[in-house]
Amino acid sequence: MAEIHPTATVADGAVIGLGCRIGPGCVIGPGVVLEDNVELIAHVVIEGSTRLAAGVRVFPFATIGMAPQDLKYKNEPTGCTVGAGTLVREGVTVHRASVGGTGTTVVGASCMLMATAHVAHDCVVGDGVILANNVMLGGHVHVDAGAFIGGGAAVHQTVRIGRLAMVSGLAGVTNDIPPF
C-alpha cells in the first residue's frame, strides 16, 4: 500500500506502486507511473508520460517530466524515464523529450543527480552516472554508463560523454569526450 500525504495531489490516471511514499506538497500528473517503493520526500512535481522505476528517491523541489525548453515543442506526447534506484536531489530538473528525438528522455538506473542538476530534453544518461551539483546537460546529450560530471559543468547539446569518463567541475564541454 502507498503512503500519500494529505497535501499531495495525485491526478486520476496516475499509477502508484506498492510501498511508494509521496510526501507533503507533491504533485503527480495523470500520465505518471511510480513503480514500487518510490519515495518523493516533499514538494516534488512529476508530470507528462513519466515513469520512475522501483526504488527511485526524489528530494524536495525537483521536477521530472515537465515540458522541454524547446521552441519546436507544441505539447506532443513525449516521455521521460528514471531507472531503478536512482537518487534525485534537491532542485533537479529532468525534462521530457521534444520532437525530433527518440521521444523519451532517459536517466538510467543507480544514478545520482546532485542538487540543481539539469537534464534537458532527449538526453540519455546511462546507468551509474553521477552528475554533481549544478551540472547542466543540453538537449540530446548522451552520457554513457559510469561517467562522472563535476560540479557546475555545462555540456553543450548533442555532445556524447563516453563510458567511465570524468569531466572536471566548471568545465564547458562542447565536443565529445571518449570513454575512460
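**Reading the core, sheets and loops**

Me: Let's start in the interior. Which residues have the most contacts inside the largest nonpolar core?

Reply: The largest nonpolar core has 46 residues, and those with the most contacts inside it are Leu 40, Leu 52, Leu 137 and Ile 149. Such a core is a set of buried Ala, Val, Leu, Ile, Met, Phe, Trp, Tyr and Cys residues joined through side-chain atoms within 4.5 Å. Buried means under 20% relative accessible area, exposed over 50%, and partly exposed in between (1.4 Å probe, protein chains only). Keep in mind that this is a predicted model, where local features need pLDDT of at least 70 and side-chain atom pairs count only at pLDDT 80 or more, while totals for chains, interfaces and linings use all residues. Residues are numbered from 1 along each chain as its sequence is written, and side-chain values use heavy atoms, with hydrogens and water left out.

Me: Let me zoom in on one of them. Which residues does Ile 149 touch?

Reply: Contact means heavy atoms within 4.5 Å. Setting aside residues up to four places away in sequence, Ile 149 touches Ile 130, Leu 131, Ala 132, Val 135, Leu 137, Val 143, Val 155, Ile 161 and Val 167. Leu 137 on that list is another of the residues with the most contacts inside the core.

Me: Now the sheets. In what order do the 9 strands of the open sheet run?

Reply: Strands of a sheet pair through backbone hydrogen bonds, either parallel or antiparallel. Helices (H or I, at least four residues) and strands (E, at least two) are DSSP runs numbered from the N terminus, and two strands pair if DSSP finds at least two bridges between them. Here the 9 strands follow the order E2-E5-E8-E11-E14-E17-E20-E23-E26, with parallel pairing. Strand E2 (9-10) and strand E26 (172-173) stand at the edges with a single partner strand each, so one side of each is left without a neighbour in the sheet. At the E26 end, 2 bridges pair strand E23 (residues 154-155) with E26 in the parallel sense, and Ala 154 has Gly 172 as its bridge partner.

Me: And which are the edge strands of the sheet of 8 strands?

Reply: That open sheet runs E3-E6-E9-E12-E15-E18-E21-E24, also with parallel pairing. Its edges are strand E3 (15-16) and strand E24 (160-161), each pairing on one side only. Further in, strand E18 (residues 124-125) and strand E21 (residues 142-143) run parallel and are joined by 2 bridges; Val 124 stands opposite His 142 there.

Me: Where do the side chains of strand E9 point?

Reply: They alternate along residues 49-52: Thr 50 and Leu 52 point to one face and are buried, whereas Ser 49 and Arg 51 point to the other and are not. Follow Arg 51 sideways and you meet both neighbouring strands: its bridge partner is Val 33 on one strand and Thr 81 in E12 on another. Strand E6 (residues 33-34) is joined to E9 by 2 bridges, and E9 to E12 by 4 bridges.

Me: Which residues does Leu 34 in strand E6 touch?

Reply: Beyond residues up to four places away in sequence, Leu 34 touches Val 15, Ile 16, Gly 17, Cys 20, Ile 22, Leu 40 and Leu 52. With a relative accessible area of 1%, Leu 34 is buried.

Me: Over to the loops. Is Thr 86 buried or exposed?

Reply: Thr 86 counts as buried because its relative accessibility is 0%, and it is found in the loop between strand E12 (79-82) and strand E13 (87-88). For its polar contacts, look for a pair of N or O atoms within 3.5 Å; within protein, one must be able to donate a hydrogen and the other to accept it, and residues adjacent in sequence count only if both atoms are side-chain atoms. The side chain of Thr 86 reaches the backbone oxygen of Gly 83 at 3.2 Å, and a polar atom of that side chain lies 3.3 Å from the backbone nitrogen of Ser 110.

Me: What is phi of Thr 116 and of Leu 164?

Reply: Phi of Thr 116 is near 60°, a positive value in a residue other than glycine, and phi of Leu 164 is likewise near 60°. Thr 116 sits in the loop between strand E16 (112-113) and strand E17 (118-119) and is partly exposed at 41% relative accessibility. Leu 164 lies between E24 and strand E25 (166-167) and is partly exposed at 43%.
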